[in-house]
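Here are my notes for someone opening this model for the first time. Have the viewer ready and go through the points in order.

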Amino acid sequence: MTELSPARFSEQAAAALKDAALQRALGNMRIGFIEKRRKAADKLPEFEALRDEGVAIKNHTLAHLDLYLEAYEKKAVEAGGQVHWARDAGEARQIVLRICRDAGARTVTKGKSMIGEEMHLNPFLEANDIEPVETDLGEYIIQLRHETPSHIIAPAIHVNKDQVADAFREHHTALPPDRPLDEGPDLLAEARTELRERFIEADVGITGANFLIAETGSSIIVTNEGNGDLTQILPRVHIVLASLEKVVPTLEDATTLMRLLARSATGQEMSVYTTVSTGPRRAGDPDGPEEYHVILLDNGRSALYGTEFQEVFRCIRCGACLNHCPVYGAIGGHAYGTVYPGPIGKVLSPALMGIDKAGKLPNASSFCGRCEEVCPMRIPLPKLMRHWREEEYDRKLNPAAVRWGLGLWAWAVRRPALYRFGARFAIAGMAFLGRRRGHLKALPMAGGWTAHRNLPAPQGGTFHDLWRKRKSTRRRTDR
Amino acid sequence: MNSREAILGDLRQKLNRPADGGAGAQAVAERLSAHRRNLIPQRGQLDRAGRIDLFEDYAAGADATVARVSSAEAVPAAVADFLKAHNLPANLVRAPDADLDTVPWESQPTLTLEARKAEEPDAASVTAAFGAVAETGTLVLVSGDDSPTTLNFLPENHIVVLWADRISGDYEAQWSALRDRYGEGALPRTVNLVTGPSRSADIEQTIQLGAHGPRRLHIVIVDERP
């Protein structure tokens, strides 16, 4: 399999549209998430006001991020935790490796972590003879299939039941090959049993963090399965991977964000397990990890502070923008070729990888605005995508044809008389060509568009002409 | 320069922070010590009876089962009923919790209980809740020498005894109770907020219970303190 890349977005998207299994899987999500979120939001009259408060909490925290990180670190250390700072993914990987080596680790269980994905941690651990075991059911399925997550909260959303069964038969070779694996419960029970053994033999458990609490030095994870909890309470060492912007001031502030998170993500009132962890096990505690490490990863984020892109750091990774995105719904997550797919990925990926590498993504949007509408943190995703397009243009990264076309258009639009004349001429020409069928089957320079649909033939003149006519009619009626 | 200084230095510069932290440092210190409450949904702002009902509604909505008993004396029978209803063995592992000590377990001679942390293959556990939040039907469970966290996750069946007085309308009241117990800015190693039994929708977006944690969560609400 060729490695996925944002540079090949168009080809990957085209392939995704033709992938029958993927299209079958995406059919499962298109309605479910949207309807559930709407019901959950409607059930809480304060939902919109909570969104405003959530935005204010995050904006305040981001404006004082250095201070909150210092406060968080102080409390985490007081509670017996060890805090490590990493400028980039490579440094973070080395810290993980050092902790694992010190613990003599051979098996590492992992809770779902997007920061772990950003670090490309699994291949690195394998290369160093440490076996990473993903424990979130979706992550486990894609680990067996040698894939990356295609959704930030539902990593195996692109996989169908029969494909899960195939993966289990291939890897769980100690089990009878003719066992029934047709139904969801069979698959779940088998994964539970297989992973239970791995939980118990693991030396180190790695989780992400939904929030860090400056007030108490705690990390919070939110899961439905309980895998993150078994990952952190059974092994001797617990490592938390978190990006800088995960810190919030107080438990009360985290609570406001928690009231938004599950409702926006899955439409649940609350996810099943929200776990607040503070330091290692205490004297007298009968269980829990003896060591508690937190790795604070920057990975290009600090370069964006004080810029217009800072707003993206309000993101709480609920996935609502993916669930509501018509582009994501059509092609799934892998076509983006980046760790973070969907609208949030279109804004975050150019920041993390460079606009030169991920420039196609902010262009792959019709700006329908649904992502911004449902984002609990009111991140202006379309606006930020537009800013990336501007930056791409300023840095002369678009193809020559696009630059030439835009340049011509900009030249014409600054000359209103010429523009109107040109538009009238083009419209009349198109109306003439489409006069018989009422539509055009092909158009020069728009072959990509007309390859899939016909363009209705223009009727009744240009927009300017229609507008003028309408205004004069209204003036007459007003009188 | 180490990474910590590099990252913080970069942030300070971008955020125009003066060397002594300036007014920002004061604002941050004040916000942390005040831990003011933000907007609290009206939903849970009810009297005691209303809170208990709301908690039960939302816990049941999250697929937990709930039994209500008048006193600790009735807890063993409620536990035995639950085990019988699901054809489960009558041996349990329980938290060595002082409140659970007040439950007259011997009134149900078939039940055998061991007070310890959970291990494979324990089938059912009993723990006591620190508190609960009516707003979403959520239990608040804390770790400690009397409350091993493994009991909340390893067994397939988790029974939680919840004294009704500990049900608050909102999360904020629970944070205050935790501060009263553990001190300002301090928490036990683990605080578990639990809303229903474990589940996964990772296979074709269909919810199935019992992913890695308990398949069943049974809550016994005790109306009166012993």
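1. Start with the way α10(A) passes α11(A): the crossing is left-handed. Keep in mind that this is a predicted model. Helix α10 covers residues 161-171 of chain A, and it packs against α11(A) at an angle of about 35 degrees, the two axes being 10 Å apart. On the α10(A) side, the contact is made by A:Lys161, A:Val164, A:Ala165 and A:Phe168, while α11(A) brings A:Gly184, A:Leu187 and A:Glu190. By type, the residues of this contact come to 4 nonpolar, 1 polar and 2 charged.

2. Stay in this area and look at helix α9 of chain A, residues 137-144. Buried or exposed, what are its residues mostly? Of its 8 residues 7 are buried, so the rest of the structure largely encloses this helix. The buried ones are A:Leu137, A:Gly138, A:Glu139, A:Tyr140, A:Ile141, A:Ile142 and A:Gln143. Their cover includes β3 (131-134), α10 and α11 of chain A, and also β10 (199-200) from chain B. Just after α9(A) comes A:His146, with a positive phi of about 55 degrees.

3. Now for the two chains together. On the chain A side, 77 residues are in contact with 62 residues of chain B. Which element of chain A gives the most to that side? Helix α11 (residues 184-201) does, with 8 residues. The residues on the side of chain A that touches chain B split into 33 nonpolar, 24 polar and 20 charged.

4. The chains also share strands. Strand β9 of chain A (residues 273-277) and strand β9 of chain B (residues 190-194) run antiparallel and are joined by 5 bridges. To find the spot, look for A:Tyr273, which stands opposite B:Val194 in β9(B). Within chain B, β9(B) is also joined to strand β6 (residues 138-142) by 4 bridges, again in the antiparallel sense. There, B:Val142 has B:Val191 as its bridge partner in β9(B).

5. Zoom out to see the whole sheet. It is open, has 8 strands and mixed pairing, and reads β8(A)-β5(A)-β6(A)-β9(A)-β9(B)-β6(B)-β5(B)-β8(B). At the edges stand β8 (247-248) of chain A and β8 (167-168) of chain B; each has a single partner strand, so one side of each has no neighbour in the sheet. Helix α13 of chain A (residues 251-265) packs on this sheet, where it touches β5 (211-213), β6 (218-223), β8 and β9 of chain A. The direction of α13(A) makes about 165 degrees with that of β5(A).

6. Chain B has another strand worth a stop: β12, residues 216-222. How many of its 7 residues are buried? The count is 7 of 7. Both faces are covered, with B:Arg216, B:His218, B:Val220 and B:Val222 on one side and B:Leu217, B:Ile219 and B:Ile221 on the other. Strand β1 of chain B (residues 65-69) pairs with β12(B) in the parallel sense over 5 bridges, and B:Ala67 has B:Val220 as its bridge partner. Strand β7 of chain B (residues 157-163) also runs parallel to β12(B), joined by 7 bridges. One place to see that pairing is B:Asn157, whose bridge partner is B:Arg216.

7. Take a look at A:Glu70 as well, which lies in helix α5 (residues 65-78) of chain A. Why does A:Glu70 count as partly exposed? It has 19 other C-beta atoms within 10 Å, whereas a residue needs 20 or more to be buried. A:Glu70 and A:Ala214 are 144 residues apart in sequence, yet their C-alpha atoms are 8.2 Å apart in space.

8. Last, the overall picture of chain A. It is divided into domain 1 (64-299), domain 2 (303-398) and domain 3 (423-478), and the centres of domain 1 and domain 3 are 55 Å apart. The secondary structure comes to 24 helices and 12 strands. Along its principal axes, the C-alpha trace of chain A spans about 85 × 55 × 45 Å. Of the 479 residues in chain A, 49% count as buried. Among the contacts in chain A with a separation of 6 or more, 73% are between residues 24 or more positions apart.

Note on methods: Residues are numbered from 1 along each chain as its sequence is written. Chains are lettered from A and ligands numbered from 1 in the order in which they are written. This is a predicted model: local features need pLDDT of at least 70, side-chain atom pairs count only at pLDDT 80 or more; totals for chains, interfaces and linings use all residues. A residue is buried if 20 or more other C-beta atoms lie within 10 Å of its own, exposed if 12 or fewer, and partly exposed in between; C-beta atoms are placed from the backbone. Helices (H or I, at least four residues) and strands (E, at least two) are DSSP runs, numbered from the N terminus. Two strands pair if DSSP finds at least two bridges between them. Domain bounds come from an automatic or database domain assignment. Two residues are in contact if their C-beta atoms, placed from the backbone, lie within 7 Å. Ala, Val, Leu, Ile, Met, Phe, Trp, Tyr, Cys and Pro count as nonpolar, Asp, Glu, Lys and Arg as charged, and the others, Gly among them, as polar. Axes are lines fitted to C-alpha atoms, for helices over the stretch in contact, and angles run from 0 to 180 degrees between N-to-C directions. A crossing is left-handed if the near helix is turned anticlockwise from the far one by less than a right angle, and right-handed if clockwise.
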